[in-house]
Amino acid sequence: MKKLITFICILFISGCTQNNETHSDIITSFYPLYDLTQAIVKDEFSVKNIQPLSQEVHDFEPSSKDLIALENAKLLIVHGAHLEGWLESALENTKNESLKVLVLSDSITMDGSDVHTWLSIDNMKVYAEEI
């Protein structure tokens, strides 16, 4: 019986420690897009948010681990409108030719220079349809 319990504990622990940080089907550029995407795709696809919650979206620079995650992803969802200053450089350096990039701000009309379009419920509805 002790061996069975030990075996189950080992399986549980190894299942909890799988490193899925470098392989996600979908990567989002910051939390509001991650939250929206996760709500839509549920368990159909794995979703990773590339920007840590502790960092400001305007100041974020991807780490080498983040760039490796981009190499393995199928889809990158970004806001666009120059919000992700790191985007162009990261895409130039990725060797993932099959990576699709969904730029959500392209699907709406921008009002002036305010790039915080995810704060609008109407815009988020459009983003949800795009995703």
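Here is a short tutorial dialogue on reading a predicted model, with helix 2 as the main example.

User: I'm new to this one. Which helices and strands should I expect, and in what order do they come?

Analyst: Keep in mind that we're looking at a predicted model. The chain has 5 helices and 4 strands. Follow the sequence and you get the pattern α-β-α-β-α-β-α-β-α.

User: How much of the chain is buried?

Analyst: A residue counts as buried when its relative accessible area is under 20%. Of the 131 residues in this chain, 35% are buried.

User: And what can contacts tell me about the fold?

Analyst: You can ask how far apart in sequence the touching residues are. Take the contacts here with a separation of 6 or more: 58% of them join residues 24 or more positions apart.

User: Let's try a helix. Which residues of helix 2 are buried?

Analyst: Helix 2 covers residues 31–41, and its buried residues are Leu 33, Leu 36, Thr 37 and Val 41. Now look down the helix axis: these buried residues fall within an arc of 115 degrees, so they line one face of helix 2.

User: What covers that face?

Analyst: The cover includes three strands, namely strand 1 (26–28), strand 2 (47–49) and strand 3 (75–78), along with helix 5 (121–130).

User: Thr 37 caught my eye. Why does it count as buried?

Analyst: Thr 37 has a relative accessible area of 0%, so it counts as buried. Setting aside residues up to four places away in sequence, Thr 37 touches Ile 26, Thr 28, Lys 42, Val 47, Ile 77 and Ile 131. Lys 42 is also the residue that follows helix 2, and its phi is positive, near 50 degrees.

User: How do helix 2 and helix 5 pack?

Analyst: For a helix pair, check the angle and the distance between axes. Here the angle is about 55 degrees and the axes are 10 Å apart. That angle makes helix 2 oblique to helix 5. The crossing is right-handed.

User: Which residues meet there?

Analyst: From helix 2 you have Pro 32, Leu 33, Leu 36 and Ile 40, and from helix 5 they meet Met 124, Tyr 127 and Ala 128.

User: What about the largest nonpolar core, and which residues have the most contacts inside it?

Analyst: A nonpolar core is a set of buried nonpolar residues joined through their side chains. The largest one here has 16 residues, and those with the most contacts inside it are Phe 30, Leu 33, Ile 77, Leu 83, Leu 104, Trp 118 and Tyr 127. Helix 2 and helix 5 are the elements that give two or more residues to this core. The largest share, 3 residues, comes from helix 2. Apart from this core lies another, of 12 residues, among them Ile 50, Phe 60, Leu 76 and Leu 99.

User: What does Leu 33 contact?

Analyst: Beyond its neighbours within four places in sequence, Leu 33 is in contact with Thr 28, Ile 77, Val 78, His 79, Leu 104 and Tyr 127.

User: And where does Phe 30 lie?

Analyst: Phe 30 is in the loop between strand 1 and helix 2. A loop residue can be checked for burial too: Phe 30 is buried, with a relative accessible area of 4%. Leaving out neighbours within four places, its contacts are Asn 49, Gln 51, Val 57, His 79, Leu 83, Glu 84 and Trp 118. Phe 30 and Glu 84 are 54 residues apart along the chain, while their C-alpha atoms are separated by 9.0 Å.

User: Back to helices. Which residues of helix 3 are buried?

Analyst: Helix 3 spans residues 64–72, with Asp 66, Ala 69 and Leu 70 buried. Down its axis, those buried residues fall within an arc of 100 degrees, so they line one face of helix 3. Their cover includes strand 1, strand 2, strand 3 and helix 4.

User: One last feature: where is Ala 81, and what is its phi?

Analyst: Ala 81 is in the loop between strand 3 and helix 4 (87–93). Its phi is near 55 degrees, a positive value in a residue other than glycine. His 82 is found in the loop between strand 3 and helix 4, and its phi is positive too, about 65 degrees.

User: Are those two buried or exposed?

Analyst: Ala 81 counts as partly exposed, at 25% relative accessibility, and His 82 counts as exposed, at 81%.

Conventions:
Residues numbered from 1 in each chain as written. Predicted model: local features only at pLDDT ≥ 70, side-chain atom pairs only at ≥ 80, totals over all residues. Heavy atoms only, no water. Buried < 20%, exposed > 50% of the residue type's maximum accessible area, 1.4 Å probe, protein only. Arc of directions from axis to C-beta. Contact = heavy atoms within 4.5 Å. Core = buried A, V, L, I, M, F, W, Y, C linked by side-chain atoms within 4.5 Å. Axes fitted to C-alpha atoms, helices over the stretch in contact; angles between N-to-C directions. Parallel < 35°, antiparallel > 145°, perpendicular 65-115°, else oblique. Left-handed = near helix turned anticlockwise from the far one by under 90°.
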